[in-house]
Amino acid sequence: ASAATLRTASQALKGEVPCPGSKLAAALSGEAADQCEGLLQDAAVRKAFAEAAKGVGEVSDASAGKLVDALGAALEGRVKEIKAKAAAVEKALPKEAKGGCKVPSFDEVREALPKGQEPSASLRMDWMLWHSVGTKMAPKDLPAMAETVLRQRLALAACAGEGPVAEAALSLHILEHLQSYVAWEASLTGSKSPAASSEVLQPFNDKLAKEVAARRVLMLAGFPTEVASECAAKGADNLEASVKAAAEQARKAAVMPLYTAPPAPKEAKQKGDGDKKGKGGGDQAPKAAAVAGDGAVAKLHGATATQELQWQLLAYQLRPRTTLGAPAAGG
């Protein structure tokens, strides 16, 4: 989320970094949602972030961490608004779901919504909600989440809407209740280590099984696999401290990305250009160059602009041959 925000800031400033924070605020105020990435697509978050950017001082690599903090504050305010709406829905949820299932069904959550409010896309797609079907059919294999955490999540999903902010709100809920989510994940039959047998010679011990459960939960919260694995390996019981340390490390490593100029608009075709095709030699050379530039090698060349592979592609384009074919051609 922070990387997408810093990328949007760099693009809005058109690479004019360092600059005063007020300039970034003015640039973001003129950006539309489709010109932004991640959380800044939300108008309320974008406005709050732009306002906070004024107090950052100079926008540069040195202040990238402060911009990340400003994004966190803007997101926190937006999530508080969602939680305020969700509180009323949580109270309206039935104490016990129909059919003895501890997880409310989609219809029961919909009935708890204020009159006229439609279920959000986040609720319709929420994986925890649809576990109600499995919990009702096989409660031993698929037990329900802790009741308080479950009701909070479903109410939050019902009021979160859709998009990056909704995803962030549900991810923050996981981080706020990490141990409850890990305990639920570890309680599933598929998360438990099978007994030693001819098919399983070295089953997981309880510590390793809990580590795997913690890694899954962090990945559900949006953590990259490498970071989730690193945090889980430090111990599931100390997961919150590991997550905070990883977040602080990412904050310190934050930098302003380089500005990437948007592609030039296509030139309008002049009337009569089609009649000149094939007449004389003037238009044929540019045409041949254009065909060469639109090939697969040219596309790869553009996609690897900052990589060492680019020079290998240039060499191949000049002398198209493979390693095996080179000796034969040289002989």
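**A friendly look at helix α12 and its surroundings**

Reader: Which residues of helix α12 (residues 225-233) are buried?

Author: This is a predicted model, in which local features need pLDDT of at least 70, side-chain atom pairs count only at pLDDT 80 or more, and totals for chains, interfaces and linings use all residues. Residues are numbered from 1 along each chain as its sequence is written, and side-chain values use heavy atoms, with hydrogens and water left out. Buried means under 20% relative accessible area, exposed over 50%, and partly exposed in between (1.4 Å probe, protein chains only). In α12, a helix being a DSSP run of H or I with at least four residues, numbered from the N terminus, the buried residues include A228, C231 and A232.

Reader: Why do these buried residues lie on the same side of α12?

Author: An α-helix has 3.6 residues a turn, so residues three or four places apart point the same way. Taking the directions from the helix axis to the C-beta atoms, A228, C231 and A232 are on the same side of α12 because they cover an arc of only 95°.

Reader: What covers the buried residues of α12?

Author: The cover includes two helices, found at 206-220 and 239-252. They are α11 and α13.

Reader: Which residues of α13 do V227, C231 and A232 in α12 meet?

Author: Contact means heavy atoms within 4.5 Å. On the α13 side, V227, C231 and A232 meet L239, S242, V243 and A246.

Reader: At what angle do α12 and α13 pack?

Author: Two packed helices are described by the angle between their axes and the distance between the axes. Here the axes, lines fitted to C-alpha atoms over the stretch in contact, are 8 Å apart. Angles run from 0 to 180 degrees between N-to-C directions, and the one for α12 and α13 is about 140°.

Reader: Where is P18, which a cis peptide bond joins to V17?

Author: Most residues other than glycine have a negative phi, and most peptide bonds are trans. The bond between V17 and P18 is cis, with omega about 5°. P18 is in the loop between α1 (2-13) and β1 (19-20), a strand being a DSSP run of E with at least two residues.

Reader: Is K14 buried or exposed?

Author: K14 is found in the loop between α1 and β1. K14 has a positive phi of about 55° although it is not a glycine. With a relative accessible area of 53%, K14 is exposed.
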